[in-house]
Amino acid sequence: DDYIQEDMYEKLICAAKESEADIVVCGHYVERGNKLTIEEAPRDEVQILSGREAQLLLLQDKAMKNYAWNKLYDKKVFDGIRYPYRRNFEDVATTYLLFNKANKVCWIPDILYFYQMF
């Protein structure tokens, strides 16, 4: 039911390569019916954060959210980490662990993901 901008992964991969980040995060819209809203403060420039800085933002759950779906991960951050089996909110239980393993997180201002709420 959710969908993405057609060039989402191209932009995330380019940002990962340019920044040498382990995790790249993009913005998202929330779609309710035919209304799109942005529930995070929009940014107008790329931010490069240490894994620790990004993890602190993630844990505050305001500017950056725990959602798994608006991020691109280097597979090395998953070494020894898996999403819990048959658990609701599995991303909340896992994303902060992935950020903890990241040396660098790149946060791009592009809004590329559309989360649908019915």
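In this predicted model, Gln116 touches Asp1, Asp2, Tyr3 and Glu31, leaving out residues up to four places away in sequence. Gln116 is found in strand S6, a strand that covers residues 104-117. With a relative accessible area of 17%, Gln116 is buried, because buried here means under 20%.

The next residue to consider is Met117, which also lies in strand S6. Met117 has a relative accessible area of 35% and is therefore partly exposed, a class that lies between the buried limit of 20% and the exposed limit of 50%. When neighbours within four places in sequence are set aside, the contacts of Met117 are Val30, Glu31, Arg32 and Gly33. Glu31 thus appears in the contact lists of both Gln116 and Met117. Tyr3, a contact of Gln116, can also be related to Met117: the C-alpha atoms of Met117 and Tyr3 are separated by 12 Å, although the two residues are 114 residues apart along the chain.

Attention now turns to the helices. Two packed helices are described by the angle between their axes and the distance between the axes. Helix H2, residues 51-60, packs with helix H3, residues 90-101, at an angle of about 160°, and their axes are 7 Å apart. This makes H2 roughly antiparallel to H3, since angles over 145 degrees are counted that way. The crossing in which H2 passes H3 is left-handed. On the H2 side, the contact is made by Gly51, Ala54, Gln55, Leu58 and Leu59, while H3 contributes Thr95, Tyr96, Phe99 and Asn100. Sorted by class, the contact of H2 with H3 has five nonpolar and four polar residues, with no charged residues.

Phe99 of H3, part of this helix contact, reappears in the interior. The largest nonpolar core has 15 residues, of which Ile23, Val25, Met64, Leu98, Phe99 and Val105 touch the most other members. Strand S2 (23-32), H2, H3 and strand S6 each supply at least two residues of this core. For Leu98, the contacts beyond four places in sequence are Ile23, Tyr73, Val77, Phe78, Ile81 and Tyr83. Alongside this core there is a second, separate one of twelve residues, including Leu12, Ala16, Ala21 and Cys106.

Definitions and conventions
Residues are numbered from 1 along each chain as its sequence is written. This is a predicted model: local features need pLDDT of at least 70, side-chain atom pairs count only at pLDDT 80 or more; totals for chains, interfaces and linings use all residues. Side-chain values use heavy atoms; hydrogens and water are left out. Axes are lines fitted to C-alpha atoms, for helices over the stretch in contact, and angles run from 0 to 180 degrees between N-to-C directions. Helices (H or I, at least four residues) and strands (E, at least two) are DSSP runs, numbered from the N terminus. Angles under 35 degrees count as roughly parallel, over 145 as roughly antiparallel, 65 to 115 as roughly perpendicular and the rest as oblique. A crossing is left-handed if the near helix is turned anticlockwise from the far one by less than a right angle, and right-handed if clockwise. Contact means heavy atoms within 4.5 Å. Ala, Val, Leu, Ile, Met, Phe, Trp, Tyr, Cys and Pro count as nonpolar, Asp, Glu, Lys and Arg as charged, and the others, Gly among them, as polar. A nonpolar core is a set of buried Ala, Val, Leu, Ile, Met, Phe, Trp, Tyr and Cys residues joined through side-chain atoms within 4.5 Å. Buried means under 20% relative accessible area, exposed over 50%, partly exposed in between (1.4 Å probe, protein chains only).
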